[in-house]
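Visitor: Can we go through this one together? I'd like short answers.
Guide: Sure, have a look first.
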Amino acid sequence: MVQMTGGEAVVRTLRHEGVDTVFGMPGVQIMHIYDAFHGQSDIRLMTVRHEQTTAYMADGYARVTGKPGVALVVPGPGVQNASAALGTAYSGSSPVLLLAGQVESYNVGEDRGALHEINDQQDIIRPVTKWCGRANSVSEIAPAIQEAMRQMRTGRPRPTEMEVSPDILAMTGEVSFAPPSQPELQAPDWDDIRQAAALLRGAQKPLIWAGGGVILSEAARELTALAESLGAPVATTNEGKGAIPEDHRLALGTGYYGHGASAWAVPKADVILAVGTRMTTQMTGLNAPQMPQKLIHLDADASVIGKNYPAEVSLVADARLGLQALLEEVRREAPEPQWSDAELDDIRQLQAQWLQEQAPDQCEMIRRMQGVLPEETVLVSGVTNMGYWSYFAYGVRQPRTYITSSYFATLGYSFPLALGAKVGAPDRPVVTLTGDGGFMYALPELATAVQYGINVVAVVFVDGALGASKNDQRTRFKSRMVGTELYNPSFAEVARVFGARGVRAEPERLDTALQEALATEAPTVIEVPVPTWAPPFQIAPRQA
């Protein structure tokens, strides 16, 4: 055991667990942690302009690296501000550790009105964390942080939280460290694997739904190999983009709210293998399985299997281990492909025609962007019209290169999350698609980008409105507009005031502006004027 302060115990434990970056915002209750960062160089401490950004950046860092991201905030309002970002990480199954301050240990639970007191603040974040803990002594700090890390590395990754009072951080005590936790991956049951493989081999039209769990478990190679062995087309959720290269002959692209090539393919399938997806209500209309289709559901989280559609075979396992086992069994007696290339080409052509009819301008801009973005670019799809249409129109070929806010649909998340992604992947281009409403949420983080040289490219599509809500009023409420139109500054000028690069580009020059931004060693904002369009979730899906 070693003698050290509680603040030193926090920093030493993070270093022991392999953490190299912490995103924080200082305040009185956590200053002993900040002091412990002084004079050491193993962990970067990056200070942001809003507590929400600490967890967004930690999330972006985690999404591109696969390693836990760490956020540091004060109690009370700091935790509350970070909670929306934790919800985003929770919905995206992202490993984020929130290190939070507390009121003095003698005030915890007393409701005396101590500075920043919430009684009990863990009640706020328990619904959006996998595990919460509190260290009540210096000796408890290292075990608590290590347990938080273990929880994130076991089964389905999700955020965790550990909090500690300022007087504990100031105390000196004995600290010991257990060996760093290693990922605990659940292997599948082989009887279930054999049953699932038999169903897949006997299927006339097998189809695979791939979700974000495939990305999280680094199982893209296994997924593609299984699809090829079965001759089965693969549809992905938004979070699953990149699970199979979208130019692969078996890739159908994304299915979303009843739209996508999957809406033509799913009704033809007799056996569906869902991997690393909750089969959420976004799989509506023709994308949703229907009786008598048989579902094989593979997921690390047993609680989601069969929740939204009954599973014929349940496979509770890590996606990579489960797919490896299925591949081994399927290859024992490889089936003949049942989907012809011509049939799949026809399906993709129908989707391309639908997409061009519904969103021609958005498709053209995305085509221009795709033409200049390297394959390894990380694209953060914001809660904005162009982000939604990029689900279908933007092709992804590598895992961990496309990020969404999943079902949480958090307005304002994309720019700060992209900053964290760029910190995690400094040698790759990182581009975020955001609207004017969402970009204003985190506008001050331009200062963070400039201060630390985080050269993200933010493409801000400006329609002077909260576009989806305005379109909702236009269509469902007979154009009775109220509260959805916005006043904006010139985002290009604002970027320049912060010391970033700012340009305004008409849609037909977006590719040129983007190419110039990628060649510039500076954070860049590209302001693009657009009309208010309908998002895909406000368009009725095809019925049959």
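Visitor: What volume does the second largest pocket have?
Guide: About 480 Å³. This is a predicted model: local features need pLDDT of at least 70, side-chain atom pairs count only at pLDDT 80 or more, and totals for chains, interfaces and linings use all residues. Residues are numbered from 1 along each chain as its sequence is written, and side-chain values use heavy atoms, with hydrogens and water left out.

Visitor: Which lining residues are closest to the centre of that pocket?
Guide: Leu 355, Phe 392, Ala 393, Tyr 394 and Gly 395, out of 24 that line the second largest pocket.

Visitor: And which helix gives the most to the lining?
Guide: Helix 13, with five residues. Other elements giving two or more are strand 11 (251-254), helix 14 (360-372) and helix 15 (385-393).

Visitor: New topic. Which residues of helix 20 are buried?
Guide: Phe 491, Ala 492, Val 494 and Ala 495. Buried means under 20% relative accessible area, exposed over 50%, partly exposed in between (1.4 Å probe, protein chains only).

Visitor: Why are those on the same side of helix 20?
Guide: Because they cover an arc of only 160 degrees around the axis. The arc is that of the directions from the helix axis to the C-beta atoms.

Visitor: What's exposed on the other side of helix 20?
Guide: Glu 493 and Val 497.

Visitor: What covers the buried residues of helix 20?
Guide: The cover includes helix 17 (436-439), helix 18 (445-452) and strand 18 (457-462). Strand 19 (501-504) and strand 20 (524-529) are also among the covering elements.

Visitor: What does Gly 499 do just after helix 20?
Guide: Gly 499 takes a positive phi of about 100 degrees.

Conventions: Helix = DSSP H or I, 4+ residues; strand = E, 2+ residues; numbered from the N terminus. Contact = heavy atoms within 4.5 Å. 1 Å grid on protein atoms, 1.4 Å probe; cavity = no way out; pocket = protein on both sides within 12 Å on 5 of 7 lines; lining within 4 Å. Points joined across faces, edges and corners; volume = space filled by probe spheres on them.
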